[in-house]
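Reader: I have a list of labels and I want the reasoning behind each. Take me through them one at a time, please.

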Amino acid sequence: MKRKFLRFFLSAIAAATCALNLSACGNKHAHAYSSEIIQPTCTEKGYTLHSCSCGENYRDNYTDATGHDYEEIETVAPDCVNRGYTVYACDCGDSYEDNYTDALGHTEVIDKAVEASCTQSGLTEGIHCSECDAVIKEQKVLPAGHYIKDGKCVYCGTESTALKLEYRLNEDGTAYSVAGLGPFSDNEIVIPAEYKGLPVNAIDKMAFENCDKITSITIGQNVAIIGANAFFGCTGITSITIPDSVTEIAFAAFLGCTGITSVTIPYGVTYIGNNAFSNCINLVNITIPDGITSIENGTFSGCTGLTYITIPDGVTSIGISTFFGCTGLTSITIPDSVTEINYSAFKNCSNLSDVYYKGREQDWAAINIDSNNECLLNAVLHYGS
């Protein structure tokens, strides 16, 4: 009853409105409505649409949306890397996934390494999945060619009369490192950027230890690491070229290289190991790049030829015995980033007379300066330099 009354009321209002709207209906127009039933959908209500030829319309007889009626339409099985799940869909096109199951994971199979020979290329060890054939660890091609050690090819025995360096293939087969001198090297050593088509990215520890006949070293552009004791005791070296690719100079790399007079460490280096330049007695000029945060233990101990050095901005720590016995050192510049100077860092620096500190007096007072650094503390301090 209420719905009929409401329908009558709305029709009366529409008729009155049309009577007033002379431009749309005219004075004598009476609405003639046609009706269309709009069925409800999963998300929208249904209703009856009443329309007049003049453009007027209204809706009534609303019915509730039916809601989705989902049915299982597909079950997707898990594979090595993807989860499994069930797909549910409604006739309207809406769908969702549910009932997930974990991925199975790869079934790994090792692809055996194949050793290279003088004439046949080889392969590094690889890994693939037996289920999906995915490559988990790629096999790298090892180039063919003689591998000379102690003057002979380890494969065929062919003697070499020209090899200057010996190389070691890395475990992953992607690069070589320099292992040492070959039997027919000369005094001037050039480490190449590549060997057998692969980069040379490191110099092994003790690679040139006590090779006192070497006078100069040029390091290739792919070398990133100079290993511990790499040039230990190479007393004949007077010149060395370190490329920007180097990021790490490890423990005692140039210890006892008494012939070196000048070293420029490239900006890519972020770490210089303990005793790296210890007892380089003729070293008079060294440039340390920004990016170094600490001067390690004994780095320049016994470098009696040093007269002046600038510690770069960003260094926070000067290690134990760093400048121990640098009797030629007369002045040093220290940045305000330094927070600690360790035990005996400046012991026996008997000629140190001037310290140029970039910070303020109160900043200097806040530095933790350990014992046996009287030579530093007795020098004249220049603040804000």
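**Labels and their reasons**

Author: Start with Asp 204. It counts as buried, at 15% relative accessibility. Keep in mind that this is a predicted model.

Reader: Why is Asp 204 called buried?

Author: The cut-off for buried is under 20% relative accessible area. Asp 204 has 15%, so Asp 204 counts as buried.

Reader: Where is Asp 204 found?

Author: Asp 204 lies in the loop between E18 and strand E19 (216–218). Leaving out residues up to four places away in sequence, Asp 204 touches Arg 168, Ser 177, Val 178, Ala 179, Gly 227 and Ala 230.

Reader: What makes the pair of Asp 204 and Arg 168 a polar contact?

Author: A polar contact needs suitable N or O atoms within 3.5 Å. The side chains of Asp 204 and Arg 168 make theirs at 2.9 Å.

Reader: On to cysteines. How many disulfides does a search of the whole structure find?

Author: Zero. Cys 211 is in no disulfide, and the nearest cysteine sulfur, that of Cys 234, is 5.2 Å away. A disulfide needs the two sulfur atoms within 2.5 Å.

Reader: Why is there no bond between Cys 375 and Cys 349?

Author: The closest cysteine sulfur to that of Cys 375 is in Cys 349, 5.9 Å away. The limit is 2.5 Å, so that is too far for a bond.

Reader: Which of the labels buried, partly exposed and exposed fits Cys 211, and which fits Cys 375?

Author: Cys 211 has 18% relative accessibility, so Cys 211 counts as buried under the 20% cut-off. Cys 375 has a relative accessible area of 22%. Partly exposed covers the range between buried, under 20%, and exposed, over 50%, so Cys 375 is partly exposed.

Reader: Which residues touch the most other members of the largest nonpolar core?

Author: Phe 208, Phe 231, Phe 254, Phe 277, Phe 323 and Phe 346, in a core of 66 residues. Strands that give two or more residues to this core include E14 (165–169), E15 (176–181) and E29 (331–334). E18 gives the largest share, three residues.

Reader: What does Phe 323 touch?

Author: Not counting residues up to four places away in sequence, its contacts include Phe 300, Ile 309, Ile 311, Ile 318, Leu 329, Ile 332 and Phe 346. Ser 301, Lys 347 and Cys 349 are also among them.

Reader: What makes E27 and E29 a pair?

Author: Pairing takes at least two bridges. E27 and E29 have three, in the parallel sense. In E29, Thr 333 stands opposite Thr 310.

Reader: Why are E27 and E33 called edge strands?

Author: The open sheet has four strands in the order E27-E29-E31-E33, with parallel pairing. Strand E27 (308–310) and strand E33 (380–383) each have a single partner strand, so one side of each is left without a neighbour in the sheet. Neighbouring strands here are turned by 15 degrees against each other on average, direction ignored.

Reader: How do you know that strand E4 is hardly covered?

Author: Strand E4 (residues 71–76) has six residues, and the count of buried ones is zero. E4 is joined by five bridges to strand E5 (residues 84–89), and the two run antiparallel. Within that pairing, Glu 74 stands opposite Val 87 in E5.

Reader: And how many helices and strands does the chain have?

Author: Four helices and 33 strands. Of its 385 residues, 38% count as buried.

Notes
Residues are numbered from 1 along each chain as its sequence is written. This is a predicted model: local features need pLDDT of at least 70, side-chain atom pairs count only at pLDDT 80 or more; totals for chains, interfaces and linings use all residues. Side-chain values use heavy atoms; hydrogens and water are left out. Buried means under 20% relative accessible area, exposed over 50%, partly exposed in between (1.4 Å probe, protein chains only). A nonpolar core is a set of buried Ala, Val, Leu, Ile, Met, Phe, Trp, Tyr and Cys residues joined through side-chain atoms within 4.5 Å. Contact means heavy atoms within 4.5 Å. Axes are lines fitted to C-alpha atoms, for helices over the stretch in contact, and angles run from 0 to 180 degrees between N-to-C directions. A polar contact is a pair of N or O atoms within 3.5 Å; within protein, one must be able to donate a hydrogen and the other to accept it, and residues adjacent in sequence count only if both atoms are side-chain atoms.
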